[in-house]
Amino acid sequence: MIIDRISNAHLYEHLSPRIKRAFDYLRRTDLASLPPGRHAIDGDRLYVMLSQYETKPKPQGSWEAHRRYIDLQVVVQGTEQIGYRHVSRLTPGAYAADRDFVPLAGDGDFLTIAAGEFMLLFPEDGHMPGIAVGAPHPVTKAVFKIAVE
C-alpha cells in the first residue's frame, strides 16, 4: 500500500508501465468532468471507474481485496477514510473471479484521503473504502484498475 499526493506520482511510476500509464492519464485528464462509470484506457488491462457516492459510517463498511488488479484510488472531490490491513491478517471469504473480489473480515487501520491524494493498493492489501470522516458526505472518486503484470 502506498498513500501520497498526486504531485508525487512520479516517485512511483517505475513500479510498472501500467502504473505509469495510469498516472499519466490522471495528470492529463480532468476527472471531475468525466461522467460516472467505466472509462477504458487500455481495454481490461487498464481502466478507470468514476463514482459519486455518500460515505458511510465504519460499521457499514466492508473489507475487500483483489487478485488480478491493483487499485489506484484517487479522491477527486471530498474526503474519505480507507481502511488498510494486509490480507494475511484478515479472514477471506469466497473469491468471486468474475468481479475479482475477495470479501474479508477483521479489523485494520484507517487513513484519511482527500482530494489531490491517492492510495495504491496491491493484491495483498485488504482495504475498506468509502468510510465517512465525521458525518457521511458526498465524494467523487476515481478507481484505476491496473492489471497485474
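In what follows, Lys and Arg count as positive and Asp and Glu as negative, while His and the chain ends are left out of the count. On that basis, in this predicted model, the protein carries 17 positive and 18 negative charges, and the mean positions of the two sets are 3 Å apart.

The overall architecture can be taken next. The protein has one helix and 12 strands, and from the N terminus on the elements run β-α-β-β-β-β-β-β-β-β-β-β-β. The radius of gyration is 14 Å, close to the 15 Å that the globule rule gives for 149 residues, so the protein is as compact as a globular protein of that length. Taken along the principal axes, the box filled by the C-alpha atoms is roughly 35 × 35 × 25 Å. Buried residues make up 48% of the 149 residues, and the surface that the protein exposes comes to about 7,300 Å², of which carbon and sulfur atoms supply 52%. Among the contacts with a separation of 6 or more, 79% are accounted for by residues 24 or more positions apart.

Leucine 26 offers a way into the packing around the helix. This residue has its place in helix α1, and it counts as buried because its relative accessible area, 7%, is under the 20% cut-off. When residues up to four places away in sequence are not counted, leucine 26 touches Ile6, Leu31, Val74 and Phe144. Valine 48 is 22 residues from leucine 26 in sequence, and the C-alpha atoms of this pair are 9.6 Å apart in space.

Phenylalanine 144, one of the residues that leucine 26 touches, can also be set against a position in a loop. Alanine 97 lies in the loop between β7 (91-92) and β8 (102-105), where it is partly exposed, with a relative accessible area of 42%. Alanine 97 and phenylalanine 144 are 47 residues apart in sequence, and their C-alpha atoms are separated by 18 Å.

The charged side chains add a further set of links, since a salt bridge is assigned when a side-chain nitrogen of Lys or Arg is within 4 Å of a carboxyl oxygen of Asp or Glu. By this rule the count comes to nine salt bridges. In one of them, the side chains of arginine 21 and aspartate 42 meet with an N to O distance of 3.5 Å. Because arginine 21 lies in helix α1 (residues 17-28) and aspartate 42 in strand β2 (residues 37-42), the pair ties together parts that are 21 residues apart in sequence. Arginine 21 itself is partly exposed, its relative accessible area being 38%.

Another salt bridge brings together the side chains of aspartate 44 and arginine 38, at 2.6 Å from N to O, and here arginine 38 is partly exposed, with a relative accessible area of 45%. A further salt bridge is formed by lysine 145 with aspartate 71, whose closest N and O atoms are 2.6 Å apart. This pair links distant parts of the chain, with lysine 145 in strand β12 (residues 138-147) and aspartate 71 in strand β5 (residues 69-77), 74 residues apart. Lysine 145 is buried, with a relative accessible area of 8%, and aspartate 71 also counts as buried, at 2% relative accessibility. Finally, Glu13, Lys20, Asp24 and Arg27 are joined into one network by salt bridges that share partners.

Methods: Residues numbered from 1 in each chain as written. Predicted model: local features only at pLDDT ≥ 70, side-chain atom pairs only at ≥ 80, totals over all residues. Heavy atoms only, no water. Helix = DSSP H or I, 4+ residues; strand = E, 2+ residues; numbered from the N terminus. Buried < 20%, exposed > 50% of the residue type's maximum accessible area, 1.4 Å probe, protein only. Rg over C-alpha atoms; globule rule 2.2 N^0.38 Å. Contact = heavy atoms within 4.5 Å. Areas by Shrake-Rupley, 256 points an atom, 1.4 Å probe, with all protein chains shown as cover. Charge placed at Lys NZ, Arg CZ, Asp CG, Glu CD.
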